[in-house]
Amino acid sequence: RTRIEIDTNTFVRFWLVVIGFAFAILAVYSARTALILIGVAFFLSLALNAPVSFIARYLPGKSRVGGTALAYVVVIAILAAFVFLVVPPVAQQTAKFAQTVPGLIDNVTTQWHGLDEVIQKYNLQPQVDSAITTMNENAANFARSIGQNVISGLGSFVTAVASTFLVLVLSFLMLIEGPAWLRRI
């Protein structure tokens, strides 16, 4: 037999450290969205630091604010070009798909007659009726919840726009103040 004696102070310190770590993890978890935004802004500012420094060298007064603004204009122009080049084809293909859906349904309906013999031969009509009823109920539930889906999607869009704006502002400030921070460190 081995007897282990633990001092009360050690026991209390151990549990205080464990509780402290738990609270620290909870704090990081609670602030995860803000920390992600700050991290994205940091990496964006790291990616744009070299172009901003290059542009600032050639500007009158070697203005880092002007270099940052010009780099942002270029980045926003590239993103806008990407959006304008990608979104219209995706929208067109989606519209074409929506136009072909009735034809696909008609095609399935015409092919259904060939399956009708198999259904009758193996007495599968109750299962088929049940599946059709379930599909109709699911479609009705989807139609009922479409308003909620639209509002949720709109909320997600507004959140994404606000987060993007916040990341751009934070990275702008990091690019302007970055050299001063490095000198202080």
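Confidence in the protein chain peaks in helix α1 (residues 8-30), at a mean pLDDT of 94, and is lowest in helix α4 (residues 125-144), at 75. The model is predicted. Across the protein chain the mean pLDDT is 84. Of its residues, 90% reach 70 or more.

**Overall layout**

The protein chain has five helices and zero strands. From the N terminus on, the order is α-α-α-α-α. The chain holds 185 residues, and 10% of them count as buried. Take the contacts between residues at least 6 apart in sequence: 61% of these join residues at least 24 apart.

**The nonpolar core**

The largest nonpolar core has five residues: L48, V52, A71, Y72 and L175. Two elements, α2 (32-58) and α3, each give two or more residues to this core.

Y72 is one of the core residues. Leaving out residues up to four places away in sequence, Y72 touches L44, L48, L168, S171, F172 and L175. Two of the core members, L48 and L175, are thus also listed among the contacts of Y72.

**A buried arginine**

R64 lies in helix α3, which covers residues 64-121. What is the nearest side chain of opposite charge to R64, and how far away is it? That side chain is E177, 8.8 Å away. R64 is buried yet has no salt bridge. A salt bridge needs a side-chain nitrogen of Lys or Arg within 4 Å of a carboxyl oxygen of Asp or Glu.

The side chain of R64 does reach a backbone atom: the oxygen of L175, at 2.6 Å. Beyond its neighbours within four places in sequence, R64 is in contact with N49, V52, S53, A56, L175, I176 and P179. Among these, V52 and L175 also belong to the largest nonpolar core.

**Two positive phi angles in loops**

K62 is not a glycine, yet its phi is positive. N123, also a residue other than glycine, has a positive phi too. The table sets out both.

| Residue | Phi | Loop | Relative accessible area |
|---|---|---|---|
| K62 | about 50 degrees | between α2 and α3 | 58% |
| N123 | near 55 degrees | between α3 and α4 | 60% |

Are these residues buried or exposed? K62 is exposed, because its relative accessible area of 58% is over 50%. N123 counts as exposed because its value, 60%, is over that cut-off as well.

Methods: Residues are numbered from 1 along each chain as its sequence is written. This is a predicted model: local features need pLDDT of at least 70, side-chain atom pairs count only at pLDDT 80 or more; totals for chains, interfaces and linings use all residues. Side-chain values use heavy atoms; hydrogens and water are left out. Helices (H or I, at least four residues) and strands (E, at least two) are DSSP runs, numbered from the N terminus. Buried means under 20% relative accessible area, exposed over 50%, partly exposed in between (1.4 Å probe, protein chains only). Lys and Arg count as positive and Asp and Glu as negative; His and the chain ends are not counted. A polar contact is a pair of N or O atoms within 3.5 Å; within protein, one must be able to donate a hydrogen and the other to accept it, and residues adjacent in sequence count only if both atoms are side-chain atoms. Contact means heavy atoms within 4.5 Å. A nonpolar core is a set of buried Ala, Val, Leu, Ile, Met, Phe, Trp, Tyr and Cys residues joined through side-chain atoms within 4.5 Å. pLDDT is the predictor's confidence in each residue, from 0 to 100.
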